[in-house]
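Colleague: Before I plan any bench work, I would like a careful walk through one part of this model and the pieces it touches, in plain terms. Please take your time over it and tell me where each statement applies.

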Amino acid sequence: MTPLLEVRNVARQFGHVQAIRRANLAVAAGQVVALLGDNGAGKSTLVKIIQGYHAPSSGTMWMDGQPIRFASPAEARDAGIETVPQDLGLVPLLSIYRNFFLGRELTRKPFGFLDHRRMRAICTRSLAHLGIQVRDPNEAVGNLSGGERQSIAIGRAEHFGARLVMLDEPTSALSVKQTRMVLDYIVEARARGLAILFITHNMAHAHAVADRITVMRQGRTVAEDLPGDEVTVEEMGRLVMGTLTVDQLAGRPPPAGI
Amino acid sequence: MQGDARKHFLGRLRTYPEIGAVTMFLAVFGFFALLAPNFLSLSSLSGMLNLASVVGTVAIGATVLMVAGEFDLSVGATMGLAAMVFIQLSNAGLPPVVALGGTFVFASAVGLLNAVVVLRARISSFIATLGMMMVGRSLLVLWTGGSIVRLDEPGWMAALVAGRIHPSGLRMMALWFVVLIVVFHVVMTQRRFGNAVYAVGGKPSAARTMGIQVGRVKVVAFLITAWLAAFAGLMQLSRIGSINALTGEGFELQAIAAAVVGGALLTGGYGSVLGTLFGALVAGMVRNGLILMGFDSRLATGLIGLVLIVAVIINTSLRGEQTS
Amino acid sequence: MSLRHPLVLCLALLLTAAAGGGCETAEEVRVDQSYFVVTHGSAGSPFWAVVVRGAMDAGEALGVRVQYLGPDQFSVEAFVSLIDAAIAARPQGIAVSITDPTAVAEPIGRALAAGIPVVAINVADPRGEIPYLLYIGSDEYQAGYQGGKRLLERGFEGSAVCAIHEVGNLTHETRCRGFAEALAEQGVEVVALDITSDTVTAVEVFRAHFAAHPNTGAVMTLGADGMSSWRVFVDERPREGVLHATFDLDPVTLDAIRDGLTLFTIDQQQYLQGFQGVMALYLKHNFEIEQANDVLTGPGFVTAENIETIASLIEAGYR
């Protein structure tokens with residue numbers, strides 16, 4: 001199966017700083033890929049490159065088997081790549097439906113006034129369709145739980161045609177119950193055919209939902225496409241820390257000379 | 001379920017930022033209507049609208065800018081300087097339309113300058129515009145020479161901006177004020193720009209993520225504020241025919257007070273132009289009503305201060321956890 | 001005492017100073033006398049220019065040198081350093097405004113210790129602690145009081161208003177207090193009205209006040225801002241039979257007196273503060289003459305009768 005997005009040998013430097021040396025990644029439709037790595041491993045830079053914020057210094061990216069190069073985040077978004085950042089791209093003081101349509105508001109002819117009624121209706125319907133029940137689309141996002149906010153951010157991305165959703169540390173600030181809710185929601189989204197790149201620190205959360213594991217360390221992809229159910233949480237941690245290599249994991253002796 | 005219905009009702013109320021201002025407005029209005037003789041007379045009502053107009057016009061700009069997460073303390077000085085520009089162009093014999101154009105070109109320059117200092121130099125707008133206020137005041141003192149400067153030919157422009165439109169004393173500036181309230185209420189609630197202003201002030205990072213040009217929105221908000229301050233300066237000038245070095249002094253804080261009574265948060269992202277209308281009206285009502293009741297008018301400023309505090313308490317308690 | 005006589009002083013100067021100088025006549029001795037006038041006001045401002053004029057005229061009449069020092073922009077620090085500069089010049093006397101009693105007490109003490117006579121002009125020490133010779137200036141309470149008396153003499157029905165455009169300003173509040181007490185003696189009520197310095201607000205405040213107190217018979221404003229607000233108000237809503245008086249001499253006030261809208265304005269005749277200030281120092285230095293009490297330069301009244309004379313004197317720089 002052709003992956004929805006494939007990244008090969010991508011590198012990026014900022015001045016003299018080599019943020020990414022060699023990154024590889026692939027994610028297919030209906031698949032959850034966990035991107036693991038310590039702080040400074042290059043995860044966020046890689047995400048920003050996929051998002052179109054930065055261009056790669058070298059290397060290639062493909063979407064549906066076609067080479068791609070995004071000049072701006074808007075281009076990436078048009079191609080169906082949405083990111084749910086840590087702040088979720090949600091404004092706490094604004095209502096759910098205004099957040100849902102933020103930057104993409106619906107207007108009415110002929111004066112271009114906002115079509116609040118239609119936005120409210122579409123927001124409620126679309127979220128319900130994705131399995132997210134909101135009490136009142138007028139409610140401020142700040143009143144919702146962390147899990148609810150996360151779901152709305154992902155639901156919004158899906159509604160606006162995302163085929164690949166990148167979740168940046170979605171569970172980092174959540175309670176156990178809220179985390180369960182978000183993980184369940186990720187599983188449901190996968191069932192609808194969405195490709196999901198799940199960037200996290202938390203091995204247990206990755207283990208719970210990821211089909212494939214990719215690990216970055218010091219700007220390099222050190223493990224790619226490991227089947228999620230064949231790696232333990234403990235092994236994931238050692239891969240991230242660098243105390244275990246993929247070759248060791250596969251049970252082969254390391255090649256001499258390294 | 002009654003409890004649920006009540007909760008739902010309160011929940012809905014919370015989403016209206018003008019709730020504190022409307023409550024205070026009704027309370028103060030009811031109080032004076034019952035107790036202050038002649039409070040409901042046409043001339044008294046017109047007077048209150050006139051009183052609210054100049055500071056209220058400045059406050060509309062303050063509201064938009066505060067929602068965008070910034071302040072402008074230079075608006076009072078801008079009022080005086082813009083009026084001075086109009087006087088100079090007009091007294092030099094240029095037609096009123098040209099003088100008006102020149103005044104707004106000047107206001108645009110002030111707005112842009114404020115925006116550039118705040119956004120480029122990354123100085124807090126409170127500090128940057130405090131500095132601009134002091135610079136502007138100093139320029140105005142030097143330019144006016146500290147004395148009263150007259151508009152030679154008030155003409156139709158003055159009549160259009162502040163002429164009397166009703167025997168009760170109602171003036172054009174009250175009409176302009178209400179029109180501006182409606183226009184900017186629509187801009188803030190019914191236009192994409194307004195939505196962007198709320199997002200930019202509420203959470204700039206999220207706004208940026210969603211493709212909103214944060215810097216551009218703030219520049220426009222600074223421009224709107226400067227334009228409205230300039231127009232308020234023209235109202236003042238048209239109303240009394242002259243200005244002096246102190247014209248507009250203190251309006252920057254009165255405008256912020258009206259915006260805050262109207263529901264605006266100092267931290268940005270929240271506020272209402274409609275609320276500001278009530279905020280500006282309440283101050284004028286207190287001043288007017290106290291005198292009609294025969295109280296010492298020197299209490300007015302203090303009472304307006306209390307109204308400010310109570311309104312904000314109402315706003316905060318109804319808004320609940322949203323602000324935290 | 002005789003030691004202070006010009007001739008004796010002149011001889012003393014010749015003895016102490018290595019450089020020689022002429023000491024032939026008493027006339028020429030006096031030219032070597034130097035007096036300073038130091039205030040918080042810029043010599044360029046219309047008000048202080050008149051004080052300077054008075055001081056210079058006194059110097060010319062007495063044949064002594066007079067220098068005026070005042071900061072261009074109001075600043076207590078700059079003002080105090082100018083007092084220091086005046087003391088350093090070792091003059092025969094200094095006239096100072098007690099703008100900030102705590103700030104000027106120390107330098108004045110130094111001047112007195114050095115034997116330099118000091119008089120206060122324009123602003124007195126409200127605590128009466130600074131031992132200057134005397135105060136030459138107006139008395140705001142008296143000004144308000146006399147203004148009230150004048151309005152009563154003219155006669156009006158009903159209550160009166162004291163329109164304060166700077167609530168809390170000590171000068172304004174004192175004027176109002178004097179005004180109110182003069183009227184209270186005749187059982188006339190005075191309402192203190194906060195009209196703010198903003199004319200648009202002031203006009204609505206006046207409107208509300210007349211709605212609540214239609215029997216108001218007299219209005220006192222306290223300076224140019226209050227005056228122009230009252231003018232805008234009565235131009236729009238003429239108040240027949242309401243007497244008006246104000247303070248200070250500015251163009252709007254002069255026009256209002258000419259137009260018959262304003263009965264009189266109260267002036268502090270600041271020329272006298274400069275003139276009399278130098279005169280008092282001269283008398284003290286040369287003849288050890290000390291006046292026993294303060295000199296009130298105001299209130300002076302400008303009415304329709306003397307307005308044209310006063311206007312030409314303003315033009316000439318004496319008022």
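Modeller: A residue is called buried here if 20 or more other C-beta atoms lie within 10 Å of its own, exposed if 12 or fewer, and partly exposed in between. Please keep in mind throughout that this is a predicted model.

With that cut-off in hand, helix H11 of chain C, residues 271-287, is a convenient place to start, for 15 of its 17 residues are buried and the helix is mostly covered. Its length also agrees with what a helix should give: at 1.5 Å a residue the expected span is 24 Å, and the end C-alpha atoms are 24 Å apart. Just after this helix, C:Glu288 takes a positive phi of about 55°. Most residues other than glycine have a negative phi, and most peptide bonds are trans. Chain C offers a further exception of the first kind, as phi of C:Asp248 is near 75°; this residue sits in the loop between strand S9 (243-247) and helix H10 (251-258) of chain C, and it is partly exposed because 19 other C-beta atoms lie within 10 Å. An exception of the second kind is the peptide bond from C:Gly298 to C:Pro299, which is cis with omega near 5°, and C:Pro299 belongs to the loop between strands S11 (295-296) and S12 (300-303) of chain C.

Elsewhere in chain C, strand S1 (residues 34-38) runs parallel to strand S2 (residues 65-69), and five bridges join the two. C:Ser34 stands opposite C:Arg65 of S2. In a regular strand the side chains alternate between the two faces of the sheet. Strand S2 of chain C has a covered face made of C:Val66 and C:Tyr68, while C:Arg65, C:Gln67 and C:Leu69 form the uncovered one.

The part I would look at most closely, however, is chain B, which has contacts with chain C and with chain A. Chain B has 14 helices and two strands, and its radius of gyration of 20 Å is close to the 20 Å that the globule rule gives for 324 residues, so the chain is as compact as a globular protein of that length. Its C-alpha atoms fill a box of roughly 70 × 55 × 30 Å along the principal axes, and buried residues make up 56% of the chain. Of the contacts in chain B with a separation of 6 or more, 77% join residues 24 or more positions apart.

In soluble globular proteins, nonpolar side chains tend to be buried together. The largest nonpolar core of this model holds 231 residues, and those that touch the most other members are A:Phe198, B:Val58 and B:Val282. Helix H11 of chain B (residues 214-240) gives the most to this core, with 15 residues. Leaving aside neighbours within four places in sequence, B:Val282 is in contact with B:Met24, B:Phe25, B:Val28, B:Val261 and B:Val307. A second, separate core has 44 residues, including C:Tyr35 and C:Leu272.

By contrast with the buried residues of that core, B:Val141, which is in helix H6 (residues 125-144) of chain B, is partly exposed because it has 15 other C-beta atoms within 10 Å. Apart from neighbours within four places in sequence, B:Val141 is in contact with B:Gly146 and B:Ala245. B:Val141 and B:Asn244 are 103 residues apart in sequence, yet their C-alpha atoms are 8.0 Å apart.

Finally, the two sides of chain B that touch its partners. Toward chain C, the contact takes 23 residues from chain B and 18 residues from chain C; helices H3 (42-67), H11 and H13 (273-293) of chain B each give two or more of these, and the largest share, six residues, comes from H3. By class, this side has nine nonpolar, ten polar and four charged residues. Toward chain A, 22 residues of chain B are in contact with 23 residues of chain A, and helices H1 (2-14), H9 (192-202) and H10 (204-209) of chain B each give two or more residues to that side. H9 of chain B gives the most, with five residues, and the classes there are seven nonpolar, ten polar and five charged.

Technical notes. Residues are numbered from 1 along each chain as its sequence is written. Chains are lettered from A and ligands numbered from 1 in the order in which they are written. This is a predicted model: local features need pLDDT of at least 70, side-chain atom pairs count only at pLDDT 80 or more; totals for chains, interfaces and linings use all residues. A nonpolar core is a set of buried Ala, Val, Leu, Ile, Met, Phe, Trp, Tyr and Cys residues joined through C-beta atoms within 7 Å. Helices (H or I, at least four residues) and strands (E, at least two) are DSSP runs, numbered from the N terminus. Two residues are in contact if their C-beta atoms, placed from the backbone, lie within 7 Å. The radius of gyration is taken over C-alpha atoms; the globule rule is 2.2 Å times the number of residues to the power 0.38. Ala, Val, Leu, Ile, Met, Phe, Trp, Tyr, Cys and Pro count as nonpolar, Asp, Glu, Lys and Arg as charged, and the others, Gly among them, as polar. The expected span of a helix is 1.5 Å times one less than its number of residues. Two strands pair if DSSP finds at least two bridges between them.
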